[in-house]
Amino acid sequence: MGQRVPRRKRRGKPRAVSAAQRRAQQRAVQAQLQARITQVVQQTLQQALADEVTALLGRGKYARRATSPPRRAGAACSACGQDWAPRWARAGSYPRTLLTLAAPVALRVPRVSCVCGGQVPLEFATFGRYERSWGEVQERTRQLAGLCLALADIREVLAGTSGAWLAPSTLNHWVHDAAALAATLRGEPFGRVPPVVLLDGVWVKLMMPTGEVYHDRQGRARARVRRVKLPLLVAYGVDPATGERWLLDWERAPGEDEASWRGLLERLQARGLHAAAGLTLFVHDGSRGLEAAFGQVDFGPHVLRQRCIFHVLRTVREQVRGERGMSREQRQARRREVLQAAAAIWHGRDRAGVRQAYQAFCACWREREPAAVAALERAFEATLAYLDARARGREWGQDWPVAYLRTTSALERLNRAFRQKARQVGTFQAERGLTAAVVLVLLHRDRALPTPPTDLWTEVLEAGLLAA
């Protein structure tokens, strides 16, 4: 029988560390990390400035002017106007604080002087003249605005990373810079025309001048403004063969009347939206102003117009009255029953099947819900254009899903993002702010181009601002 092995002594638990001790230690380590990060950022930026001066002069520090290559430097002395690198030398520096996302850093910006005694104004590539915030801070501000954060929230987020509080007016200015991309997104001819175009409007609040002038408490003349609710008319392109969707154009209009819609349709036509380029179908909610505008703008022969089935069903649901003596729950159940029966009308695969289901619905509900049936009868014929559009797609060897042809639901999802941004802002104080909000929402949702870019949307935004 083998020898018995003694049991190992039980080890005691380590001494517990309280939450307060752990938090204190983490703060101490974080302070060390922040100090080290600040030091690295400062040294890197300082070296970048020094390298730019070296490249400008053509010689390193402490090297004589005679060693400089005889060339022009691309700048000019403020006194003699000479542009000749051998005439210039380093002339000390001046202090500047630059805010980065990591931390605010204190820098020494180099100076360059000429042998005549004049100073050479320099434009550094590392950061701009009079710039106190680095480009990454501005980029992050626009990114957070595109994520529908308010200026106060953006200010708090940036302060949490950099340790500095920026003025709301500064943040607002950076956000409004995105409006510069609107001309590029709206003004160029279409490089690709979608077969299907969805049209709808989303309402926003905007401060508009009234034409009156008043004087404030300091006696300054101010333009009087008032808050108005205006529609943002949107045209959304869909390629039913691939499922790609992108915004074609938009129009801030005084209303959804004929003149407003006609302005948007005429611009779409001028940019190349036409049947000859591949346009097949418009899908819309059936507003009177838009219907009238269609009669004024010619997009070519055989362009179809489809009434959005979702809007028709919503109208039918609103017209359900129920019967006398019904409770609230019973009326709601009746609305659901009528809505489900009406939605099944368009489940048919051909025109005969859809029309047969429509006639069965009318026969079933005409006596009990005459108003709902009448609402459907007024719009039914306008809801069948998608069947003709599918037939045209088959002629081209493509099977277009009906989900892209019957409703404006895809556009409604984009409008939901617009509404989210509008709720966050509350009331836009200027047209430029509204335009910037539209651009930020489009880029964030990857709906500015037919094919979404592979880069992060913030990179697309900044590249566009550089090219604008």
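Trainee: H13 (residues 409-425) packs against H14 at about 130 degrees, with the axes 10 Å apart. Why is this pair called oblique?

Mentor: First, what we're looking at: this is a predicted model, where local features need pLDDT of at least 70, side-chain atom pairs count only at pLDDT 80 or more, and totals for chains, interfaces and linings use all residues. Residues are numbered from 1 along each chain as its sequence is written, and side-chain values use heavy atoms, with hydrogens and water left out. Now the angle: under 35 degrees is roughly parallel, over 145 roughly antiparallel, 65 to 115 roughly perpendicular, and the rest oblique. About 130 degrees falls in that remainder, so H13 and H14 are oblique. Their crossing is right-handed.

Trainee: Which residues meet there?

Mentor: Leu-414, Ala-417, Phe-418 and Lys-421 of H13 meet Ala-437, Val-438, Val-441 and Leu-442 of H14, contact being heavy atoms within 4.5 Å. That's seven nonpolar, no polar and one charged. Lys counts as charged, so Lys-421 is the charged one.

Trainee: And what makes H14 and H15 oblique to each other?

Mentor: H14 (residues 431-444) and H15 (residues 457-467) cross at roughly 135 degrees, their axes coming within 9 Å. That value also lands outside the three named ranges, so this pair is oblique too. The crossing of H14 and H15 is right-handed. Leu-440, Leu-443 and His-444 of H14 make the contact with Trp-457, Val-460 and Leu-461 of H15. By class, that contact has five nonpolar, one polar and no charged residues.

Trainee: How do you know that Cys-77 is in no disulfide?

Mentor: The structure holds zero disulfides. For Cys-77, the nearest cysteine sulfur is that of Cys-116, 3.5 Å away. A disulfide needs two cysteine sulfur atoms within 2.5 Å, so Cys-77 and Cys-116 at 3.5 Å don't qualify.

Trainee: What makes Cys-77 buried?

Mentor: Its relative accessible area is 5%. Buried means under 20%, exposed over 50%, and partly exposed in between (1.4 Å probe, protein chains only). So Cys-77 at 5% is buried, and Cys-148 at 15% is buried as well.

Trainee: Why does Met-207 count as buried?

Mentor: Met-207 has 19% relative accessibility, and 19% is under the cut-off, so Met-207 is buried. Met-207 lies in strand S3 (residues 196-215).

Trainee: Which residues does Met-207 touch?

Mentor: Leaving out residues up to four places away in sequence, Met-207 touches Val-225, Arg-226, Arg-227, Thr-427, Phe-428 and Gln-429. As for Val-297, Met-207 is 90 residues from it in sequence and 31 Å from it in space, C-alpha to C-alpha.

Note on methods. Axes fitted to C-alpha atoms, helices over the stretch in contact; angles between N-to-C directions. Helix = DSSP H or I, 4+ residues; strand = E, 2+ residues; numbered from the N terminus. Left-handed = near helix turned anticlockwise from the far one by under 90°.
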